[in-house]
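Hi,

Here is the model I promised to pass on. Have a look first, and my notes follow below.

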Amino acid sequence: MKSVFEAMKSRGGSLGCVAASAILSLAFAGPLAASEDGGVHGFHETMEALGEHSQRIVSAINHEDWEWVVREAEAIAEHPRPPMAERRRIMAFAGERKAEFQEYDHEAHAAAAELADIAAEGDGREVINAFARLQTTCLDCHSNFRDDFRQHFYMKNKDAH
Ligand code: HEC
């Protein structure tokens, strides 16, 4: 939250009341909204959440608790999108590869929805196969974008934007 106030100050206090209160409500809306500093925190938290859901899917498979798999897969399929400002930044980063990035995102959602459907039928082997397909979609995007993404958003001096 502090960084939002610092950002307001550094903009010379020229923000109108409406803009200021909009920023305040963002600040209090929690970490998903903390994207006013040019970062991609919301996206990062989404990824951490996806990682936790997929770990719970492993546990659920080991317990043969197919209903649990359904819930976790649905949470992946319907995961909250990062704030608009972040999505714009990410699309700008992707540049000419924007369609490719969106395609990976789409494939991950589709594979998660398919896993939820298959888990609802309770055939363990099919669930494991569908889970492998889901993890492959995660891997595809990571192997093509993660290094560049981290380089772009986390390594460089933010003041250089
Ligand atoms: C459209 C691209 C894309 C898809 C699809 C995708 N990711 Fe990611 N993921 C990224 C990028 C880019 C990063 C690196 C950015 C970061 O770590 O903040 C990342 C980072 C992560 C991290 C590391 C977070 C950390 O703390 O370092 C985890 C865990 C993760 N993703 C899980 C998943 C899982 C699980 C799936 C599939 C269900 C998935 N991701 C699908 C793009 C994607």
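Which residues of H6 are buried? They are Ala 108, Ala 111, Ala 112, Leu 115, Ala 116, Ile 118 and Ala 119, where buried means that 20 or more other C-beta atoms, placed from the backbone, lie within 10 Å of a residue's own (exposed means 12 or fewer).

Before going on: this is a predicted model, so local features need pLDDT of at least 70 and side-chain atom pairs count only at pLDDT 80 or more, while totals for chains, interfaces and linings use all residues. Residues are numbered from 1 along each chain as its sequence is written.

Back to H6 (helices are DSSP runs of H or I, at least four residues, numbered from the N terminus). The cover over its buried residues includes helix H4 (66–77) and H7, counting contacts as C-beta atoms within 7 Å. Just after H6, Gly 122 has a positive phi of about 75 degrees.

H5 (residues 84–94) buries Glu 86, Arg 89 and Ile 90. Looking down the axis of H5, these fall within an arc of 95 degrees, so they line one face of the helix (the arc is that of the directions from the helix axis to the C-beta atoms). Met 84, Arg 88, Met 91 and Ala 92 are exposed on the other side, and H3 is part of what covers the buried residues.

As for the ligand, 21 residues surround it, meaning their C-beta atoms lie within 6 Å of it. His 44, Met 47, Gly 51, Cys 138 and Cys 141 are the closest. H7 gives the largest share of that shell, 9 residues.

Notes:
Helix = DSSP H or I, 4+ residues; strand = E, 2+ residues; numbered from the N terminus. Contact = placed C-beta atoms within 7 Å.
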